[in-house]
Amino acid sequence: MNYQDSLKSLDTEEHIDLAFYRPIGYMWACLAAKLGVTPNAITIASIFLGIAAGVAFYFNNMWINVAGMILLMWANSFDSADGQLARMTKQYSRLGRILDGMAGDLWFASIYVAICLRENYTSEFFMARPWLIWVIAVVAGLCHAKQAAMADYYRQFHLYFLKGKDGSELDSARELAGRYRREAPSASWIKRIIMLVYLNYTRNQEVMTPQMQRLRAVLAERYPDGDIPREFRDRFRALSLPLMKYTNILSFNWRTIALFCSLFACMPWLYFVFELVVLNAIMIYMVRRHESICRRLADELSKK
């Protein structure tokens, strides 16, 4: 498989990824394919690199912080490589998708803890109020999780119309719940926990997008075989494409640019402000716009 085939879609790729992370990820993926390394093994390696980056951000030393930045970029190149390798070798799995999502969560959890501990011993303001930075971090972390989940959901929905069901990782909470009831009795406790976490993740995405769920229901009723006309697919793509830039802002690259800037400014707490103010505003705008698109298309289909 060549480099272009290892990408999900140019519609959903971010410019920084295309210029930097995807080419590096492709080289890692090619090497892993030759060595017989699995995508999940690369994901696990990225977890260790990302956590090490977080530890480096604890220190009030710019050189150690720069080392952490390099480790975090390395982790993200592995995060790119695992998906590219999965597409190259057809090693798709829901476990891999869940593990991939958990990797980013663990990276940033370590970063949040490091920032909180650092501020509590370097900032006079937070030293006097040691609880405050932890409260800010928890709220920012919850917002981060919601932002990342919605960005991923909209990308998968866009890919569903662009490439069909096989080209997207769009899931349904109803189908996942049915699979859990069938498989849970014979599954290990670890697998049951993973399935429940992913089921809850998908349910939360659906709760945030009532008009998208309405459009999915109308499409399922009108086209039960999933054969949505190309004209409708193209129309949705044209309306959804301008929103893909917001899903990319809510993903890794712009977060880390803000994080690195806050570290260079020796005020890592500013990263939390960026998440709480800027990224939340973008998420709200993106959700409102996408829901409006889905409402309009669902209304049009219902009148036919």
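Hi everyone! Let me begin with a pair of charged side chains: Arg22 and Glu13 meet in a salt bridge, with N and O 2.9 Å apart. Before I go on, please keep in mind that this is a predicted model. Are Arg22 and Glu13 buried or exposed? Both Arg22 and Glu13 are buried.

If salt bridges are new to you, here is the background: side chains of opposite charge can pair when their charged atoms come close. How many salt bridges does a search of the whole structure find? The search finds eight.

Let me show you another of them. Asp11 forms a salt bridge with Arg237, and their closest N and O atoms are 2.6 Å apart. This pair links distant parts of the chain, as Asp11 is in the segment before helix 1 and Arg237 is in helix 10, which covers residues 230-240. In sequence, the two are 226 residues apart. Now look at how covered each partner is. Asp11 has 13% relative accessibility, so Asp11 counts as buried. Arg237 has 31% relative accessibility, so Arg237 counts as partly exposed.

Next, please find Lys191 on the screen. Lys191 forms a salt bridge with Glu183, and the closest N and O atoms there are 3.7 Å apart. Lys191 counts as partly exposed because its relative accessibility is 42%. Glu183 is partly exposed too, with a relative accessible area of 28%. And now back to where I started: Glu13, Asp17 and Arg22 are joined into one network by salt bridges that share partners.

While we are in the segment before helix 1, there is a contact in space to point out. Gln4 is found in that segment, and helix 1 itself covers 15-35. Gln4 and Tyr26 are 22 residues apart in sequence, and their C-alpha atoms are 9.6 Å apart in space. Gln4 is partly exposed, with a relative accessible area of 48%.

Let's move to the nonpolar side of things. In soluble globular proteins, nonpolar side chains tend to be buried together. Here, the largest nonpolar core has 35 residues. Which residues have the most contacts inside this core? They are Phe57, Leu72, Leu259 and Phe272. The elements that give two or more residues to the core are helix 1, helix 2 (39-56), helix 3 (62-89), helix 4, helix 6 (130-163), helix 12 (252-264) and helix 13. The largest share, eight residues, comes from helix 4.

Helix 2 is on that list, so to speak, and I'd like to pick one residue from the helix: Ile47 has its place in helix 2. Ile47 is buried, with a relative accessible area of 12%. Ile47 and Asn76 are 29 residues apart in sequence, and 9.5 Å apart from C-alpha to C-alpha.

Now for the aromatic rings. The structure holds 20 aromatic pairs. Take Tyr58 and Phe59: their ring centres are 5.2 Å apart and their planes are at 75 degrees, so the pair is edge-to-face. Tyr58 counts as partly exposed at 30% relative accessibility, and Phe59 is partly exposed with a relative accessible area of 34%.

Compare that with Phe108 and Tyr271. Their ring centres are 6.4 Å apart and the planes are at 20 degrees, so this pair is stacked. Phe108 lies in helix 4 (residues 94-122) and Tyr271 in helix 13, so the pair ties together parts that are 163 residues apart in sequence. Both Phe108 and Tyr271 are buried. The two also belong to a cluster linked by ring pairs, made up of Phe20, Tyr21, Trp107, Phe108, Tyr112, Phe252, Tyr271 and Phe272.

A ring can have a charge over it as well. Which residue has its charged end over the ring of Tyr160? That is Arg233, whose charged end sits 6.0 Å from the ring centre.

Last stop: the surface. Met267, Trp269, Leu270, Val273, Val277 and Val278 make a nonpolar surface patch of about 440 Å². One of these, Leu270, is found in helix 13, which covers residues 270-303. Leu270 counts as partly exposed, because its relative accessibility is 31%.

That's my tour. Thanks for listening!

Note on methods: Residues are numbered from 1 along each chain as its sequence is written. This is a predicted model: local features need pLDDT of at least 70, side-chain atom pairs count only at pLDDT 80 or more; totals for chains, interfaces and linings use all residues. Side-chain values use heavy atoms; hydrogens and water are left out. Patches are made of residues with over 30% relative accessible area and no salt bridge: like charges are joined within 9 Å, nonpolar side chains (Val, Leu, Ile, Met, Phe, Trp, Tyr) within 5 Å. Accessible areas come from the Shrake-Rupley method with a 1.4 Å probe; for residues, only the protein chains shown count as cover. A salt bridge is a side-chain nitrogen of Lys or Arg within 4 Å of a carboxyl oxygen of Asp or Glu. Helices (H or I, at least four residues) and strands (E, at least two) are DSSP runs, numbered from the N terminus. Buried means under 20% relative accessible area, exposed over 50%, partly exposed in between (1.4 Å probe, protein chains only). Rings of Phe, Tyr and Trp (its six-membered ring) pair if their centres lie within 6.5 Å; planes under 30 degrees apart count as stacked, over 60 as edge-to-face and the rest as tilted. A charge sits over a ring if NZ of Lys or CZ of Arg is within 6 Å of the ring centre and within 35 degrees of the ring normal. A nonpolar core is a set of buried Ala, Val, Leu, Ile, Met, Phe, Trp, Tyr and Cys residues joined through side-chain atoms within 4.5 Å.
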